[in-house]
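Student: Hi, could we go through this model together? I have a few quick questions.
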Amino acid sequence: MQPAKARYDYTGRVAVVTGGANGIGAEIVRQLRAHGARVAVWDLRPAAPDPHACVVDVTDRASVARARADTLARLGGVHMLVNSAGYAGPTAPVDRYDPQAWDAIVQVNLTGTFNVCREVVPHMRAAGAGRIVNIASLAGQEGTPDAAAYSAAKAGVLALTKSLGKELALTGVRVNAVAPAAVRTELLAQMSPGHVQTMIAKSPMQRLGEPGEVAELVAWLCSDSCTFNTGAVFDLSGGRATY
């Protein structure tokens with residue numbers, strides 16, 4: 001028997017998913033569309049054909065501003081925002097870490113999330129409603145050895161989520177973060193096999209997470225069922241998180 005899964009009706013709603021062309025972001029796009037949402041994919045290389053896609057560099061504020069204006073003009077609003085654009089980068093000890101790699105990782109993961117929220121929040125605030133979900137990482141909770149840049153950037157995303165959630169707590173906008181452990185995507189190819197195996201070994205379930213499992217949680221956080229949660233971090237770790 002197939003397990004029963006939650007269903008939502010997002011008919012008439014518009015979602016923006018950054019990094020939505022592949023990996024976790026692509027699965028989130030698929031699920032939100034399956035629930036009836038119109039989804040604008042913001043990505044450096046959007047999958048074709050996609051009439052609602054925008055070529056966006058989240059580290060470029062002008063690029064993000066153009067995408068916001070284009071999406072509002074074509075789709076009429078943004079009801080849900082999922083910040084999924086990410087870059088893991090290489091693994092190395094801090095004293096041997098390439099400063100350029102550090103800058104790129106922080107720019108994409110943390111500054112990119114800020115840039116997108118800065119453009120979309122005014123629209124949601126004016127509408128008095130909205131859902132923002134930031135895809136962080138368990139690395140931001142724990143700090144992963146040899147991945148200080150990624151850990152620090154994702155920790156920043158968690159703090160940004162908590163700050164923005166408090167700022168918007170008296171509006172109808174809810175802001176939450178998901179902190180997955182290692183998930184089976186091409187992002188893992190940027191890491192050494194030994195590093196990936198170490199992450200798997202930490203999981204009580206002894207496996208990677210799947211993109212669909214992240215998307216299921218995101219779908220709930222984007223729904224009207226999520227009302228009293230804001231500025232919160234939802235672990236998705238196979239039992240690894242103990243705090």
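Student: How many positive and negative side chains does the protein have?
Tutor: There are 23 positive and 20 negative ones, and the centres of the two sets lie 5 Å apart. Lys and Arg count as positive, Asp and Glu as negative, with His and the chain ends not counted; each charge is placed at NZ of Lys, CZ of Arg, CG of Asp or CD of Glu.

Student: What should I know about the source?
Tutor: This is a predicted model, where local features need pLDDT of at least 70 and side-chain atom pairs count only at pLDDT 80 or more, while totals for chains, interfaces and linings use all residues. Residues are numbered from 1 along each chain as its sequence is written, and side-chain values use heavy atoms, leaving out hydrogens and water.

Student: New topic: how many disulfides does the count come to?
Tutor: Zero, taking a disulfide as a pair of cysteine sulfur atoms within 2.5 Å.

Student: Why is there no bond for Cys54?
Tutor: The closest cysteine sulfur, in Cys117, is 17 Å from that of Cys54, so it is too far for a bond. Cys117 is in no disulfide either, and its nearest cysteine sulfur, that of Cys222, is 12 Å away.

Student: And is Cys117 buried or exposed?
Tutor: Cys117 is buried, at 5% relative accessibility; buried means under 20% relative accessible area, exposed over 50% and partly exposed in between, with a 1.4 Å probe and protein chains only. Cys54 is buried too, at 7%.

Student: What share of the whole protein counts as buried?
Tutor: Of its 243 residues, 49%.
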